[in-house]
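The exercises below are meant to be worked through with the structure in view. Try each task before reading its solution, and check every step against the picture.

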Amino acid sequence: MSGAALIYVQYLLGIGHLQRARWIAEALAREGVAVTLVCGGDPISGLTGHPAIRFVQLEPVRALDARFELIDGGGNPVDDALRERRRAALLDAFAAAKPDAVVIEGFPFARRAFRFELDPLIAAVRASQPRPRLICSVRDIIVMRDDPARDRWVLERVRADFDALLVHGDSEFIPFEASFPAAAEIADRLVYTGYVAAPAEPPAPGPRDPGGEVIVSGGGGPAGRVLLAAALQARKQGCLPDSPWRLLTGANLPQDDFAALSRAAPTGVTIERFRHDFRSLLRGCRVSVSQAGYNTVLDVLAARARAVLVPFAAERETEQLLRAEKLAASGAAELVRESDLSPESLARAIERAAAREPISVAIDADGAARSARLIAAMIHDDGAAPGFAVGSGRSIIR
């Protein structure tokens with residue numbers, strides 16, 4: 001191996017942040033970098049990857065609901081004792097990894113509630129000799145807040161602490177300033193990597209089956225239950241009754257809710273928690289119905305599925321709505337706002353989607369490999385600097 005990196009990721013509702021971090025970690029391992037992936041959310045079974053990746057599981061912290069009240073693995077409020085244990089475990093992981101680069105997912109744009117462990121980690125990076133590169137990793141869209149003081153604090157932290165800001169998006173699709181208007185002030189550190197997507201799968205043979213399933217996915221967290229309930233009711237009221245329906249609830253939907261959906265499902269509707277072959281299912285589906293999370297949208301676009309998007313928008317969340325509006329404006333998806341969601345509005349959108357041909361959207365989807373090349377180049381000091389352009393061309397989803 002040549003060089004070492006530590007990646008910190010804290011996921012609270014779904015597991016999209018973890019998936020993105022894992023795919024970057026695997027791409028880094030393929031570049032010959034030893035990776036320590038520190039996970040702060042609920043443990044996820046079946047996490048596998050390159051043998052050069054070492055997983056470190058902190059005592060889990062997750063969000064109780066969309067208000068983001070933090071609780072521990074037992075459902076109790078986070079206390080100072082847990083904070084101290086996590087802080088010590090994170091610093092131990094840093095000391096053991098001896099990284100040449102530290103990648104922090106989200107912070108300082110998000111995860112400010114975790115400063116109790118991130119500030120000490122950043123201080124340890126700054127005190128190390130030689131000093132590891134410190135890199136911020138963010139998705140294409142951050143949650144917008146009308147708070148100039150908060151934006152100023154973020155800018156100051158990026159300039160003071162971070163060598164590079166990796167934006168996992170495509171500036172030609174959604175520029176970072178669409179959700180963070182002050183982005184120009186840190187342009188010297190900002191690099192678009194392209195979207196970080198799951199490893200590509202071979203195209204499905206033959207033409208799309210027009211009688212395929214209606215796939216309704218609730219995402220990796222508990223927030224999709226309202227969408228799942230509306231979809232089930234839409235099916236009961238006669239929406240596309242000639243197609244089989246499959247509802248994927250996500251692993252974190254409470255068991256009582258999962259059991260209630262299963263009991264209510266009529267003939268022709270299958271209820272499952274998740275499918276490892278989700279993208280393959282999308283390639284053969286008649287319509288995909290989902291929220292508009294980062295990973296789900298990439299899966300839908302890669303499959304060229306007819307899509308209905310119901311973006312999660314509770315508690316001032318803006319990320320999914322911005323993404324869904326962009327796709328709806330391009331004609332690639334039907335949009336149902338969460339505030340307008342009902343079995344009837346959802347059924348109308350599903351029927352509109354089923355009646356049209358799929359539309360391709362060209363985006364750069366080589367983000368995992370390009371992120372890894374950038375981080376490896378910064379580790380190896382071969383001319384990499386904030387804003388260093390890695391790779392060329394655009395990997396296009398068609």
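Two strands are said to pair if DSSP finds at least two bridges between them. The model used throughout is a predicted one.

**Exercise 1. The protein as a whole**

Task: Describe how many helices and strands the protein has, and what share of its residues is buried.

Solution: Begin with the secondary structure, which comes to eleven helices and 15 strands. Next, turn to burial: of the 398 residues of the protein, 54% count as buried. The accessible surface comes to about 16,400 Å², and carbon and sulfur atoms account for 51% of this surface. Finally, consider the contacts with a separation of 6 or more, of which 74% are between residues 24 or more positions apart.

**Exercise 2. An open sheet**

Task: Find the order of the strands in the open sheet of six strands, and explain which strands stand at its edges.

Solution: Reading across the open sheet, the six strands come in the order 12-11-10-13-14-15, and their pairing is parallel. The edges are taken by strand 12 (269-272) and strand 15, each of which has a single partner strand, so one side of each is left without a neighbour in the sheet. For a pairing inside this order, take strand 10 (residues 214-217) and strand 13 (residues 287-290), which are joined by four bridges in the parallel sense. One of the residues to look for is S217, whose bridge partner in strand 13 is S290.

**Exercise 3. Strand 6 and its surroundings**

Task: Decide whether the residues of strand 6 are buried or exposed, then work out which strands pair with strand 6.

Solution: Count the residues of strand 6 (residues 101-105) first, and note that five of its five residues are buried. To see how they are arranged, recall that the side chains of a regular strand alternate between the two faces of the sheet. In strand 6, A101, V103 and E105 lie on one side and V102 and I104 on the other, and both faces are covered.

The next step is to look for partners. Strand 1 (residues 4-9) pairs with strand 6 in the parallel sense over four bridges, with A5 standing opposite A101. Strand 7 (residues 133-139) also runs parallel to strand 6, and five bridges join the two; here the bridge partner of E105 is S137. The last step is to follow the chain through helix 3 (residues 115-127), which together with strand 6 and strand 7 makes a right-handed β-α-β unit.

**Exercise 4. Helix 3 and a buried glutamate**

Task: State how far helix 3 reaches from its first C-alpha to its last, and identify what its buried residues pack against.

Solution: Helix 3 has 13 residues, and its reach of 17 Å is close to the 18 Å expected at 1.5 Å a residue. Its buried residues are F116, E117, L118, L121, I122, A124 and V125. These buried residues pack against strand 1, helix 2, strand 6, strand 7 and helix 4 (148-161).

Now single out E117, which is buried because its relative accessible area is 0%, under the cut-off of 20%. Leaving aside its neighbours within four places in sequence, E117 is in contact with Y8, L58, R86, R87 and L90.

**Exercise 5. Salt bridges in different settings**

Task: Compare the settings of the salt bridges D80 with R83, R352 with E334, and R370 with D364.

Solution: Start with D80 and R83, whose closest N and O atoms are 2.8 Å apart. Both belong to helix 2 (residues 80-97), where, being three residues apart, they are separated by about one helical turn. D80 is exposed, with a relative accessible area of 60%, whereas R83 is partly exposed at 25%.

Continue with R352 and E334, which meet in a salt bridge of 3.0 Å, N to O. R352 lies in helix 10 (residues 343-354) and E334 in strand 15 (residues 334-335), so the pair ties together parts that are 18 residues apart in sequence. R352 counts as partly exposed at 41% relative accessibility, while E334 counts as buried at 17%.

End with R370 and D364, which meet in a salt bridge of 2.9 Å, N to O; R370 and D364 are both buried. Elsewhere, R115, D119, R126, R157 and D161 are joined into one network by salt bridges that share partners. The count for the protein comes to 30 salt bridges.

Terms used:
Residues are numbered from 1 along each chain as its sequence is written. This is a predicted model: local features need pLDDT of at least 70, side-chain atom pairs count only at pLDDT 80 or more; totals for chains, interfaces and linings use all residues. Side-chain values use heavy atoms; hydrogens and water are left out. A salt bridge is a side-chain nitrogen of Lys or Arg within 4 Å of a carboxyl oxygen of Asp or Glu. Buried means under 20% relative accessible area, exposed over 50%, partly exposed in between (1.4 Å probe, protein chains only). Contact means heavy atoms within 4.5 Å. Accessible areas come from the Shrake-Rupley method with a 1.4 Å probe; for residues, only the protein chains shown count as cover. A crossover is right-handed if, with the strands pointing away from the viewer, the path from the first strand over the helix to the second runs clockwise. The expected span of a helix is 1.5 Å times one less than its number of residues.
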